[in-house]
Amino acid sequence: QVQLVESGGGLVQPGGSLRLSCAASGSIFRLNAMGWYRQAPGRERELVARVTGGGTTNYVDSVKGRFTISRDNAKNTVYLQMNSLKPEDTAVYYCNADLSTSYYSRPLNYWGQGTQVTVSS
């Protein structure tokens with residue numbers, strides 16, 4: 001069984017920073033791409049940032065220059081450093097991972113439970 005456990009959300013003032021973490025645990029053979037999505041009330045879930053197994057990153061335009069995604073393969077953990085936060089960044093942030101649990105199994109997609117980020121004065 002695979003689990004993705006997020007941490008680091010909270011309430012921050014505009015212009016502030018937060019760092020989200022997501023640790024994958026369980027029966028993991030190969031961890032491929034990992035990413036962060038977010039969903040604000042009344043809006044669809046959107047990709048915020050993604051990092052491949054090889055370290056290639058991509059970001060949604062609205063966070064470029066402010067957010068940085070990184071991963072620690074030894075810890076099966078992905079991070080999202082969020083700087084210069086804006087009220088429009090308020091959302092539930094979800095961790096996502098594409099991984100396989102054995103040599104013979106094809107990669108599947110897993111989600112964390114979500115962590116709330118609120119940017120408000």
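Guide: A residue is buried when its relative accessible area is under 20%, exposed when the figure is over 50%, and partly exposed in between. The structure above is a predicted model.

Visitor: What makes E9 mostly covered?

Guide: Of the 10 residues in E9, 8 are buried. Each of those 8 therefore has a relative accessible area under 20%.

Visitor: Which strands pair with E9, and in what sense?

Guide: E4 pairs with E9 in the antiparallel sense over 8 bridges, and Trp 36 stands opposite Cys 95 of E9 there. E11 is also antiparallel to E9, with 3 bridges; Val 92 stands opposite Gln 116 of E11. Strand E10, residues 108-111, runs antiparallel to E9 and is joined to E9 by 4 bridges. Ala 97 stands opposite Tyr 110 in E10.

Visitor: Why do those 3 bridges between E9 and E11 count as a pairing?

Guide: Two strands pair if there are at least two bridges between them. E9 and E11 have 3, so they qualify as a pair.

Visitor: What makes a set of residues a nonpolar core?

Guide: The members must be buried residues of the kinds Ala, Val, Leu, Ile, Met, Phe, Trp, Tyr or Cys, joined through side-chain atoms within 4.5 Å. The largest such core here has 28 residues, of which Trp 36, Phe 67, Val 78, Leu 80, Met 82 and Tyr 93 touch the most other members. Strands that each supply at least two residues of this core include E1 (2-7), E3 (18-26), E4 (30-39) and E8 (77-82). E9 gives the most, with 5 residues.

Visitor: How do you know that Trp 36 is buried?

Guide: Trp 36 is a member of the largest nonpolar core. Membership requires a buried residue, so Trp 36 has a relative accessible area under 20%.

Visitor: Which residues does Leu 80 touch?

Guide: Leaving aside residues up to four places away in sequence, Leu 80 touches Leu 18, Arg 19, Leu 20, Trp 36, Val 48, Ala 49, Phe 67, Thr 68, Ile 69 and Tyr 93. Ile 69 also stands opposite Leu 80 of E8.

Visitor: How is E8 placed among the strands, and is E8 mostly covered or mostly open?

Guide: E8 is mostly covered, with 5 of its 6 residues buried. E8 pairs in the antiparallel sense with E3 over 6 bridges and with E7 over 6 bridges. On the E3 side, Thr 77 in E8 is the bridge partner of Ala 23.

Visitor: What lies between E7 and E8?

Guide: E7 and E8 form a hairpin with 4 residues between them, and Asn 76 in the turn has a positive phi of about 50 degrees. Asn 76 is not a glycine.

Visitor: Why is Asn 76 called partly exposed rather than buried?

Guide: The relative accessible area of Asn 76 is 22%. Buried means under 20% and exposed means over 50%, so Asn 76 falls in between. Ser 84, in the loop between E8 and E9, belongs to that class as well because its value is 42%. Phi of Ser 84 is near 50 degrees, a positive value in a residue other than glycine.

Visitor: What makes Pro 41 exposed?

Guide: Pro 41 has a relative accessible area of 77%, and the cut-off is over 50%, so Pro 41 is exposed. Pro 41 is found in the loop between E4 and E5. Pro 41 and Ala 91 are 50 residues apart in sequence, with their C-alpha atoms 7.2 Å apart.

Visitor: Why is Gln 3 not called exposed?

Guide: Gln 3 has a relative accessible area of 45%, and exposed needs over 50%, so Gln 3 is partly exposed. Gln 3 sits in strand E1 and touches Ala 23, Ala 24 and Ser 25, not counting residues up to four places away in sequence. The C-alpha atoms of Gln 3 and Ser 25 are separated by 5.3 Å, although the two residues are 22 apart along the chain.

Visitor: How many charged residues line the largest pocket?

Guide: The lining has 8 charged, 3 polar and 2 nonpolar residues. The pocket holds about 180 Å³ of space. Of its 13 lining residues, Arg 38, Ala 40, Arg 43, Glu 46 and Glu 88 are the closest to its centre. Arg and Glu count as charged and Ala as nonpolar, so Ala 40 is one of the nonpolar residues in the lining.

Conventions:
Residues numbered from 1 in each chain as written. Predicted model: local features only at pLDDT ≥ 70, side-chain atom pairs only at ≥ 80, totals over all residues. Heavy atoms only, no water. Buried < 20%, exposed > 50% of the residue type's maximum accessible area, 1.4 Å probe, protein only. Contact = heavy atoms within 4.5 Å. 1 Å grid on protein atoms, 1.4 Å probe; cavity = no way out; pocket = protein on both sides within 12 Å on 5 of 7 lines; lining within 4 Å. Points joined across faces, edges and corners; volume = space filled by probe spheres on them.
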